[in-house]
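Good morning, colleagues. I shall present one structure today, beginning with its ligand and then turning to its sheets and a few backbone details.

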Amino acid sequence: MNAADLRTDVLVIGGGLAGGWAAIAAARAGASVILAEKGYFGTSGVTAAAGPGHWWVPPDPPEARREAVAQRNARALGLGDPRWMERIIDLTWRTLPTLAPYYAFPIDEHGRTQYRGLRGPEYLRALREWATHLGVRILDHHPALELIADRDGVVVGANGVRRQAGGGWTILAGAVVLATGGCAFKSRLLGCHTNTGEGLLMAVEAGAELSGMELSAYYTVAPARSTMTRSMSYMFARYFDVDDRPLDIQPGPDVTRALAAAMLAGPVFCRLDRTPEDIQAVMRQVQPNFMLPFDRWNIDPYRERFEVTLRGEGTVRGVGGLRIIDDACGVGVPGLFAAGDVASREPVAGATSGGGAQNSAWALSSGQWAGAAAARFSRRPTARRVSGGAPIGGAGIRPRRGGRPVDLVGVEAAVRAEMLPYDKSLFRSGATLARSLSALDQVWSEIADHADPDDWDRLRTREAAGLVATARWCGVAAQARNESRGLHQRTDAPGTDPRLARRLRVRGIDRVLVLPERTVGALEDVG
Ligand SMILES: Cc1cc2nc3c(=O)[nH]c(=O)nc-3n(C[C@H](O)[C@H](O)[C@H](O)COP(=O)(O)OP(=O)(O)OC[C@H]3O[C@@H](n4cnc5c(N)ncnc54)[C@H](O)[C@@H]3O)c2cc1C
């Protein structure tokens with residue numbers, strides 16, 4: 001018997017932006033809701049340390065939204081869906097003002113309330129407070145490890161561990177919303193330490209597919225040896241080599257590849273001395289954490305140079321994730337819904353990053369659609385009779401062959417070594433991808449065949465399995481997209497192939513298959 005055996009209408013797994021909105025929507029729809037978070041709902045996930053701006057376009061004049069969608073769709077490079085873009089613009093516009101009882105939105109000099117950009121920590125505190133008022137039961141430090149399904153394959157709950165109280169938990173639910181975020185391969189990106197891909201693994205074990213996994217090569221500049229990926233100030237950056245010679249790297253859309261190329265040749269340093277005085281003056285209020293590493297090192301970033309690095313974001317401000325198959329954010333498995341970065345954002349972002357606007361609007365919207373749909377699903381008559389099911393987790397929990405100690409440090413290092421170096425990710429080719437996949441296949445066999453953790457290391461082992469599984473899905477999809485498009489740039493196929501203006505569906509765990517969607521936008525298309 002587990003230490004915590006509970007039952008609820010809707011179980012939300014993950015307490016970031018998407019999970020918060022999902023829990024609120026499910027509770028508002030009349031469901032009893034439990035939210036299980038690996039860390040603490042309020043400080044975990046990538047929103048908590050960021051300042052998420054939303055896609056915020058007024059309904060008047062009507063051309064404004066049409067133009068916003070047309071511009072974004074052009075940047076989606078053939079993989080976006082204007083209908084989904086319109087949906088999230090509209091829901092974001094209607095939703096953010098409803099947060100006002102819990103969040104102090106600023107008012108500008110004309111007396112207008114500013115809704116678009118929120119401060120991450122206060123945003124999550126507001127969601128937590130609202131969810132609590134609605135009666136959502138919040139279980140912090142309760143990571144989920146695997147889903148539970150009934151005999152018909154309907155997802156009816158999840159199992160996990162209690163990090164502080166010890167032991168495990170089982171929660172039976174009428175429906176489950178996965179909101180476990182993206183996977184940044186333990187790159188030390190700000191806020192991503194708990195985003196390790198096991199949510200994706202759980203869903204694929206239940207039968208879900210992925211999409212857009214090749215669109216995972218997104219990087220953000222940060223001071224070397226820090227996690228501080230708040231990047232606004234780098235709009236004014238000048239870059240230098242180790243001998244202080246200026247590098248011809250201009251801020252703008254291509255800065256990442258130029259920086260990465262320079263970093264492959266040697267250390268790169270930065271000066272922020274072009275930052276306007278008025279911005280310098282407000283930086284501590286606008287992005288307080290941005291200054292922290294500099295304060296610790298006693299460096300004035302506006303006058304002195306400092307070394308920079310690029311932190312990989314994987315699927316966080318990359319694009320790929322679970323393939324959404326309907327307007328309610330279902331993933332093709334009864335009883336299972338997905339929201340936020342755990343889902344593919346291709347419909348709203350296409351082949352380029354949705355960071356800065358679309359991703360937050362997507363997390364807010366998909367969270368609400370998934371939460372409301374899960375509440376509806378949990379009300380179907382058979383859901384009331386859910387009496388149990390079988391846990392369906394594999395790799396990292398139940399070894400396929402004989403259990404033996406697995407070197408988890410080595411597994412994580414192998415994932416980082418294949419997914420983060422710029423020459424394997426930003427400048428990838430068929431040959432580099434094949435070598436990476438061969439290395440990843442080996443660690444996958446090791447963990448899937450042999451990892452048989454004790455209670456105390458079940459979370460770490462399952463996280464390692466999630467990291468390797470996600471890395472393999474990204475690699476196989478990148479191999480299949482034999483062209484360059486958006487975030488996916490192949491040095492051996494630099495052109496864009498019009499025949500590949502379609503999303504790539506990825507399915508399977510041990511044997512991974514890639515299937516192109518027939519037409520973009522036909523989410524229900526099956527082959
Ligand atoms: C520095 C930075 C700045 C950004 N700025 C913007 C912006 O301005 N505009 C914009 O549109 N987007 C922005 N983004 C992206 C945006 O923040 C994300 O799209 C959004 O936060 C996604 O929310 P989420 O809830 O899906 O994921 P997260 O906020 O990452 O939350 C996922 C949660 O799931 C939990 N979890 C993981 N695994 C488990 C498990 N097994 N069991 C239980 N819980 C689990 C994690 O602990 C975490 O709390 C930014 C991202 C970064 C990194």
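By a polar contact I mean a pair of N or O atoms within 3.5 Å; within protein, one must be able to donate a hydrogen and the other to accept it, and residues adjacent in sequence count only if both atoms are side-chain atoms. Please note that this is a predicted model, in which local features need pLDDT of at least 70 and side-chain atom pairs count only at pLDDT 80 or more, while totals for chains, interfaces and linings use all residues. Residues are numbered from 1 along each chain as its sequence is written, and side-chain values use heavy atoms, with hydrogens and water left out.

Let me begin with the ligand. Asp341 places a polar side-chain atom 2.8 Å from a ligand oxygen. In the side chain of Asn195, an N or O atom is likewise 2.8 Å from an oxygen atom of the ligand. Ala357 contributes through its backbone, with an N or O atom 3.0 Å from a ligand oxygen. On its own the ligand has 1000 Å² of accessible area, and the protein covers 97% of it; these areas come from the Shrake-Rupley method with a 1.4 Å probe.

Which residues come nearest to the ligand? They are Glu37, Thr47, Thr194, Asp341 and Ser360, out of 35 residues around it, where a residue is near if one of its heavy atoms lies within 4 Å. That shell divides into 12 nonpolar, 18 polar and five charged residues. Here Ala, Val, Leu, Ile, Met, Phe, Trp, Tyr, Cys and Pro count as nonpolar, Asp, Glu, Lys and Arg as charged, and the others, Gly among them, as polar. Helices α1 (17-28), α5 (198-206) and α10 (358-378) each supply at least two residues of the shell, and α10 gives the largest share, three residues. Helices (H or I, at least four residues) and strands (E, at least two) are DSSP runs, numbered from the N terminus.

I turn now to the sheets. One open sheet has four strands in the order β8-β11-β10-β9, with antiparallel pairing; two strands pair if DSSP finds at least two bridges between them. Its edge strands, β8 (219-223) and β9 (238-240), each pair on one side only. Strands β8 and β11 (residues 306-312) run antiparallel and are joined by five bridges, one partnership being Val221 with Leu310 of β11. Helix α6 (residues 255-265) lies across β8, β9, β10 (268-271) and β11, at about 115° to β11. Axes are lines fitted to C-alpha atoms, for helices over the stretch in contact (heavy atoms within 4.5 Å), and angles run from 0 to 180 degrees between N-to-C directions.

A further open sheet of four strands follows the order β12-β7-β15-β16, again with antiparallel pairing. Because β12 (321-322) and β16 (513-516) stand at the edges with a single partner strand each, one side of each lacks a neighbour in the sheet. Strands β7 (residues 210-211) and β15 (residues 504-507) pair over two bridges, and Ser211 stands opposite Arg505 in β15. Helix α14 (residues 458-480) packs on this sheet, touching β7, β15 and β16, with its direction at about 140° to that of β15.

Finally, the backbone. A cis peptide bond, with omega about -10°, joins Asp60 and Pro61; Pro61 is in the loop between β2 (33-36) and α2 (62-75). His141, in the loop between β3 (137-139) and β4 (144-149), has a positive phi near 55°.
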